Amino acid sequence: MPAVGSDVVIAGIGETPVGRLPGWSPVEIQAMAVLAALRDAGFALSDLDGLINLDPYATPNSMFSTTLAEHLGVAPRFACTVDVGGTVTGMTMLQQAVWAIESGYCNVAACVYGENALTGRPVGAQGLHMHNLLGGEEWEEPFGLHGMVIPYALLAQRYLDLYGATDEDLAAVALVTRRHALLNDNAQMRKPMTLEDYRASRQISSPLRLLDCSLVSDGGGALVLTRSGRAPQGGGRGVAIRAIGMKTTHNSVALMPDIPGLGMAAAGADAYEAAGMGPEDIQVANLHDAFTISVLVSLEALGFAGPGEGGALVRSGAMDLGGRWPLNPHGGLLSQAHIGGMLHITEAVRQLRGEAGRRQVEGARRALVSGNGGIFSVCGAMILEKP
Amino acid sequence: MLDLLATPPNPTGASAPFWDACDRGELLFPKCGRCGHLFYYPRRHCPLCGDTALGWQRMSGRGTVFSHSHVHVAFQGGAWSGQLPYTVVLVDLAEGPRMLSRLIGADAPAVRGGDAVSVVFPQIGDRRYPFFERVPAG
């Protein structure tokens with residue numbers, strides 16, 4: 001990496017229902033997603049010899065790849081659990097799978113994340129069991145910072161101050177992803193949203209309101225990789241990973257670079273260079289949207305808009321279906337479900353196959369998937385291409 | 001507002017001098033004895049050059065607001081309900097490093113980016129905490 005020159009492709013995708021899955025455990029959800037992805041590619045369970053997952057945030061485990069392997073009923077040659085952060089974890093899983101297959105050690109590898117963060121978290125817990133997520137209880141908790149909303153609120157306020165942006169810029173992201181979610185039968189949010197709805201939603205941590213924040217969801221997503229032409233259902237459906245770029249710059253919000261220096265620009269530049277492409281070559285933008293501000297920052301870092309111009313771009317309709325770069329046609333973390341960004345990747349594959357139904361992006365040949373973990377602490381950009 | 005609340009830190013051997021200084025009403029940041037890098041937060045090595053010969057520099061406690069947020073949800077539990085809304089700030093210290101803190105005082109809700117602030121050390125439970133207040137203009 002960052003260039004992926006091999007013939008390894010994403011041959012299968014699996015998604016569970018999202019929202020509330022009462023009575024399901026994390027390992028059961030991950031197994032359901034893997035089985036769906038294997039079916040999609042036409043593989044049998046016994047074909048699986050690589051297994052890469054992320055353990056649940058709400059109920060942390062260790063050795064979760066072995067837990068899943070046993071539960072599935074497989075004995076893979078290669079199994080591991082990775083936790084890099086946000087959607088970058090999904091990209092890192094793909095890297096691991098590509099390497100395992102390129103080396104010849106594995107033939108069929110699955111990457112999966114899923115849990116019941118909505119219905120399965122410990123009773124009374126405010127947020128998830130993520131106390132040390134930003135690395136410094138000692139430098140955050142005594143000052144009133146806990147969880148992920150406050151760090152993103154600090155980033156959002158800085159963005160508003162730096163560029164003179166307004167809540168309409170933030171709202172535009174929430175509104176377009178909601179419009180898209182309404183075209184997805186497997187989305188948590190089913191009601192239209194207006195600017196008035198957005199402004200009526202309660203303040204969580206200024207300037208962020210409830211409708212600036214992504215969902216808490218049960219559900220899972222999985223990808224199955226193999227060599228091109230190897231999958232029984234493969235045909236011409238295998239989607240290539242053209243490039244992955246990543247950058248880690250910090251962990252806690254106190255050490256976050258100012259917006260122009262966030263790692264997304266470096267990750268994007270690496271991915272574009274490796275693929276020999278730029279924003280003009282992209283037709284689908286599946287950008288990490290844990291908060292509305294994440295999208296504005298990412299649009300600018302990845303060259304879709306100039307500094308401070310992300311909101312204007314979204315309000316212009318360019319990120320709507322039918323526009324130049326439809327944003328998160330599945331509804332994203334804001335309005336479909338927050339499955340750690342795995343569904344940004346499965347949606348990109350679906351779009352590139354031309355199987356997205358009424359939310360299909362016309363002429364979709366390449367998708368850019370971005371992700372970040374923490375507070376843009378680790379950033380990733382990945383370019384997928386149709387066969 | 002009711003009495004201030006703060007979740008106590010659990011210092012390491014490397015960070016204890018920072019918190020002990022706060023209890024004396026002093027803001028100390030670590031400084032590399034080799035390359036002179038002044039940094040936050042305390043570690044056992046310099047994150048610029050890797051050296052472990054570190055000292056402490058007394059900070060002026062003056063700075064400007066890089067960003068802020070008024071928090072309306074008791075993320076640290078129901079006991080915090082009486083603190084709401086409270087204000088979290090990123091402060092750029094005059095000497096360079098940035099730190100996360102809380103902005104207190106009656107005028108905290110009117111804070112703007114770039115405002116001048118100064119450190120204060122309120123006693124909360126067994127410790128004193130390096131929070132900030134706005135400095136009146138002029």
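The following exercises, with worked solutions, concern chain B and its contact with chain A in a predicted model.

Residues are numbered from 1 along each chain as its sequence is written, while chains are lettered from A and ligands numbered from 1 in the order in which they are written. Because the model is predicted, local features need pLDDT of at least 70 and side-chain atom pairs count only at pLDDT 80 or more, whereas totals for chains, interfaces and linings use all residues.

**Exercise 1.** Determine the order of the elements of chain B and judge its compactness.

Solution. Begin with the inventory, one helix and nine strands, where helices (H or I, at least four residues) and strands (E, at least two) are DSSP runs numbered from the N terminus. Read from the N terminus on, the order is α-β-β-β-β-β-β-β-β-β. Next, the radius of gyration, taken over C-alpha atoms, is 16 Å, close to the 14 Å of the globule rule (2.2 Å times the number of residues to the power 0.38) for 138 residues, so chain B is as compact as a globular protein of that length.

**Exercise 2.** Describe the side of chain A that touches chain B.

Solution. Start from the contact, which takes 25 residues from chain A and 30 residues from chain B, two residues being in contact if their C-beta atoms, placed from the backbone, lie within 7 Å. On chain A, α4 (137-140), α5 (149-163) and β5 (203-205) each supply at least two residues, and the largest share, six residues, comes from α5(A). Finally, the residues of this side divide into 10 nonpolar (Ala, Val, Leu, Ile, Met, Phe, Trp, Tyr, Cys and Pro), five charged (Asp, Glu, Lys and Arg) and 10 polar (the others, Gly among them).
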